[in-house]
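Subject: Structure for you to look at

Dear colleague,

I am handing over the structure we talked about, and below it you will find what I noticed while going through it. Please keep it open beside this email as you read.

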Amino acid sequence: MEPCLFCKIEQGEIPSEQVYQDEDVIVFKDIAPKAKVHLLVVPRKHVSGLNDLLPEDQQLIGKMMLLLPELAKQQGLDDGFRTIINTGSGGGQEVFHLHIHLLGGNALPFV
Ligand code: 5GP
Ligand code: ZN
């Protein structure tokens with residue numbers, strides 16, 4: 001089966017503007033930013049979305065959550081930031097490899 005888009009980015013087969021990486025997680029700029037800062041926090045492991053997380057992924061998802069304020073600080077988002085996880089087509093998910101959107105740097109619409 002053809003690897004998914006974010007697996008290809010993780011493998012370096014498709015270029016991306018990476019801002020962080022470690023053995024479990026990569027972070028790169030969204031190709032169509034919806035705010036001044038718009039990053040995607042992506043596990044190296046292919047998980048399709050929140051519905052497919054397993055109990056064994058608890059440490060991984062915890063690590064991703066803890067990384068968010070670190071990244072926000074690194075990006076100068078001192079007055080706050082927004083995180084979004086779209087799940088399934090009904091939730092607006094377009095790329096079926098789990099990712100957390102990190103947005104900020106300008107006024108965001110209320111949700
Ligand atoms: P979703 O709608 O699945 O939550 O978000 C997918 C995000 O991936 C979108 O914000 C979209 O702009 C971004 N995206 C789609 N294709 C690419 C790509 O090839 N490179 C990068 N960096 N981002 C992408
Ligand atoms: Zn994938």
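Which residue places a backbone N or O atom 3.3 Å from a nitrogen atom of ligand 1? The residue is I31, whose backbone makes this approach to ligand 1; please keep in mind, here and throughout, that the model is predicted.

Staying with ligand 1, you will see that 17 residues surround it, and that the closest are D30, E94, V95, H99 and H101. Side chains take part as well: a polar side-chain atom of H99 lies 2.8 Å from an oxygen atom of ligand 1, while an N or O atom in the side chain of N86 is 2.9 Å from an oxygen atom of ligand 1.

The next site to look at is the zinc ion, which is ligand 2 and has as its protein donors C4 and C7, each through SG, together with H46 and H97, each through ND1, at 2.0 to 2.3 Å. Along the sequence these donor residues follow the spacing C-x2-C-x38-H-x50-H. The two histidines link distant parts of the chain, since H46 sits in the loop between β3 (37-43) and α2 (58-74), whereas H97 sits in the loop between β4 (82-84) and β5 (100-104), 51 residues apart. Why is the arrangement around the zinc ion tetrahedral? The 4 donor atoms subtend angles of 103 to 116 degrees, and therefore the arrangement is tetrahedral; for orientation, the ideal angle for four tetrahedral donors is 109.5 degrees. The two histidines can also be described by their accessibility: H46 is partly exposed, with a relative accessible area of 37%, whereas H97 is buried, with a relative accessible area of 0%.

Finally, please turn to the sheet, which is open and is formed by 5 strands in the order β1-β2-β3-β5-β4, with antiparallel pairing. Its edge strands are β1 (18-21) and β4, each of which pairs on one side only, and neighbouring strands are turned against each other by 20 degrees on average, if direction is ignored. Following the order from one edge, β1 and β2 form a hairpin with 3 residues between them, and they pair in the antiparallel sense over 3 bridges, with Q21 having I26 in β2 as its bridge partner. Strand β2, which covers residues 25-29, then pairs with β3 in the antiparallel sense over 5 bridges, and there V25 stands opposite P43 in β3.

With best wishes

How values were computed
Residues numbered from 1 in each chain as written. Chains lettered and ligands numbered in written order. Predicted model: local features only at pLDDT ≥ 70, side-chain atom pairs only at ≥ 80, totals over all residues. Heavy atoms only, no water. Donors = N, O, S within 2.8 Å, 3.2 Å for Na, K, Ca; no water. Tetrahedral: all angles 85-135°; square planar, octahedral: opposite > 155°, others 65-115°. Helix = DSSP H or I, 4+ residues; strand = E, 2+ residues; numbered from the N terminus. Buried < 20%, exposed > 50% of the residue type's maximum accessible area, 1.4 Å probe, protein only. Pairing = 2+ DSSP bridges. Axes fitted to C-alpha atoms, helices over the stretch in contact; angles between N-to-C directions. Near = heavy atom within 4 Å. Polar contact = N/O pair within 3.5 Å; in protein donor to acceptor, adjacent residues only side chain to side chain.
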